[in-house]
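Please open the model in your viewer, with residue selection and a surface display at hand. The stops below each begin with something to select and then say what is there.

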Amino acid sequence: MSTDNLAKIAQQMVAPGKGILAADESSGTIQKRLDSINVESTEENRRAYRELLFTTEGIEEYISGVILFDETLRQSAANGTNFGALLASRGILPGIKVDKGAKDLAFAPGEKVTEGLDGLRERLAEYVSLGAKFTKWRAVITIGEGIPSAYCIDANAHGLARYAALSQEAGLVPIVEPEVLMDADNTIEVCEEVTNEALESVFHALHVHRVSLEGMILKPNMVISGKGCTTQAGVGEVAEATVRSLTRNVPAAVPGICFLSGGQSDAVATAHLNAMNAMGPHPWELSFSYGRALQAPALKGWGGDAANAPLAQRLFLHRCKCNGAARTGAYEDAMEGEVAAA
């Protein structure tokens with residue numbers, strides 16, 4: 001696929017008012033999600049839950065693409081329509097998570113490196129045949145005593161760049177996800193410093209590996225206080241620090257930045273995105289690629305009972321609508337009460 005076609009798909013992924021649903025939970029993660037509502041993680045329950053999300057009426061107004069897990073891309077709705085084809089029929093791009101997860105980095109206690117490059121070219125060819133239009137690879141950077149090391153940051157940047165190049169070679173738009181975790185007790189200043197280091201390393205590696213910036217999407221963390229920090233940065237401070245880091249490190253050629261929610265609550269993730277867009281205009285689209293922050297209310301509302309599907313879909317559509325508004329800085333706290341009144 002030409003770089004022009006890759007750029008066209010990337011632009012679709014960050015279309016105005018829209019963002020990406022991350023429904024690519026690994027087997028272990030989706031089990032935790034279903035455990036939280038006392039539902040067994042069987043293939044059928046996973047399929048039914050994903051179908052509930054994908055068939056929600058109206059989400060195409062706010063969702064441009066969905067990241068799928070390997071199992072999900074091969075599954076179908078109750079009427080026999082493959083999920084990828086179902087999404088495509090609604091104008092939503094199907095994508096696929098292609099990494100094999102973060103594993104311990106050799107000689108680097110407490111640090112991880114993402115695996116999955118072996119055989120990736122062949123897997124990408126199959127995903128193209130299954131209808132995928134884009135891919136995702138997540139790297140994790142941990143903040144702690146004496147870490148992250150430059151070794152860890154550079155090893156993950158190298159992996160992200162190799163993955164991105166292979167994806168573009170296959171005609172797929174890569175979502176490049178370097179996530180600085182928010183699990184520690186660090187201040188927002190430390191998060192900004194580490195985020196700067198990670199993004200600088202990633203874009204250097206992307207350049208070395210000849211990745212077309214116009215045909216990729218960045219999925220970074222927001223610059224935020226660690227969960228254990230006694231002083232949590234406010235919405236405005238998070239927005240300013242995040243935009244400052246991106247401005248310093250992300251070339252304007254990148255069409256869009258789709259933030260991960262990283263464990264933030266639904267409303268807080270939306271408020272942060274809204275505040276950043278209210279500061280605009282920016283050289284790139286600032287969008288969302290949320291998993292839990294889009295799905296949590298729907299998952300709880302569903303509870304594994306098909307009779308609750310209408311409620312769950314209403315809750316899911318509401319979160320999509322709120323984040324769609326945040327894409328232009330039009331989100332307001334009052335919108336959170338709209339679903340209760342519906």
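Select Phe-107, which counts as exposed because its relative accessibility is 84%, where exposed means over 50% relative accessible area, buried under 20% and partly exposed in between, computed with a 1.4 Å probe on the protein chains only. Phe-107 sits in the loop between strand 4 (102-104) and strand 5, and its phi is positive, about 60 degrees, although Phe-107 is not a glycine. Helices and strands here are DSSP runs numbered from the N terminus, with H or I over at least four residues for a helix and E over at least two for a strand.

The model is a predicted one, in which local features need pLDDT of at least 70 and side-chain atom pairs count only at pLDDT 80 or more, while totals for chains, interfaces and linings use all residues. Residues are numbered from 1 along each chain as its sequence is written, and side-chain values use heavy atoms, with hydrogens and water left out.

Move next to Arg-210, in the loop between helix 8 and strand 8 (217-218). Arg-210 also has a positive phi, near 65 degrees, in a residue other than glycine, and it counts as exposed because its relative accessibility is 77%. As background for these stops and the next, most residues other than glycine have a negative phi, and most peptide bonds are trans.

For the peptide bonds, select Ile-147 and Pro-148, which are joined by a cis bond with omega about 15 degrees; Pro-148 lies in the loop between strand 6 and helix 7. Then select Gly-280 and Pro-281, where the peptide bond is again cis, with omega near 10 degrees, and Pro-281 belongs to the loop between helix 10 (266-278) and strand 10.

Now display helix 6, residues 120-129, and colour Leu-120, Arg-123, Leu-124 and Tyr-127, which are buried. Which part of the helix do the buried residues line? Viewed down the axis of helix 6, they fall within an arc of 100 degrees, so they line one face of the helix, the arc being that of the directions from the helix axis to the C-beta atoms. These buried residues pack against helix 4 (70-73), strand 3 (93-97), strand 6 and helix 7, with contact meaning heavy atoms within 4.5 Å. On the face turned away from the buried side, look for the exposed residues Glu-122 and Ser-129. Helix 6 is followed by Gly-131, whose phi is positive, near 100 degrees.

Turn to Phe-288 and Tyr-290, both of which are buried. Their rings form a tilted aromatic pair, 5.6 Å centre to centre with 40 degrees between the planes. Rings of Phe, Tyr and Trp (its six-membered ring) pair if their centres lie within 6.5 Å, and planes under 30 degrees apart count as stacked, over 60 as edge-to-face and the rest as tilted. The structure holds four aromatic pairs.

Switch on the surface for the largest pocket, which has a volume of about 900 Å³. Among its 32 lining residues, those closest to the centre are Thr-29, Arg-33, Arg-138, Glu-179 and Arg-292. On a 1 Å grid over the protein atoms alone, a pocket is an open set of points with protein on both sides within 12 Å along at least five of seven lines, a cavity is a set where a 1.4 Å probe fits but cannot get out, and lining residues have an atom within 4 Å of a point. Grid points are joined across faces, edges and corners, and a volume is the space filled by probe spheres set on the points. Helix 2 gives the largest share of the pocket lining, four residues, and by class that lining has seven nonpolar, 10 polar and 15 charged residues. Nonpolar covers Ala, Val, Leu, Ile, Met, Phe, Trp, Tyr, Cys and Pro, charged covers Asp, Glu, Lys and Arg, and the others, Gly among them, are polar.

Finish with the enclosed spaces: two cavities of 30 Å³ or more are found in the whole structure. The largest cavity holds about 50 Å³, and its lining residues include Glu-179, Met-182, Asn-221 and Leu-260. The second largest cavity has a volume of about 40 Å³. Helix 7 gives the most to the lining of that second cavity, with four residues, and the lining divides into eight nonpolar, two polar and no charged residues.
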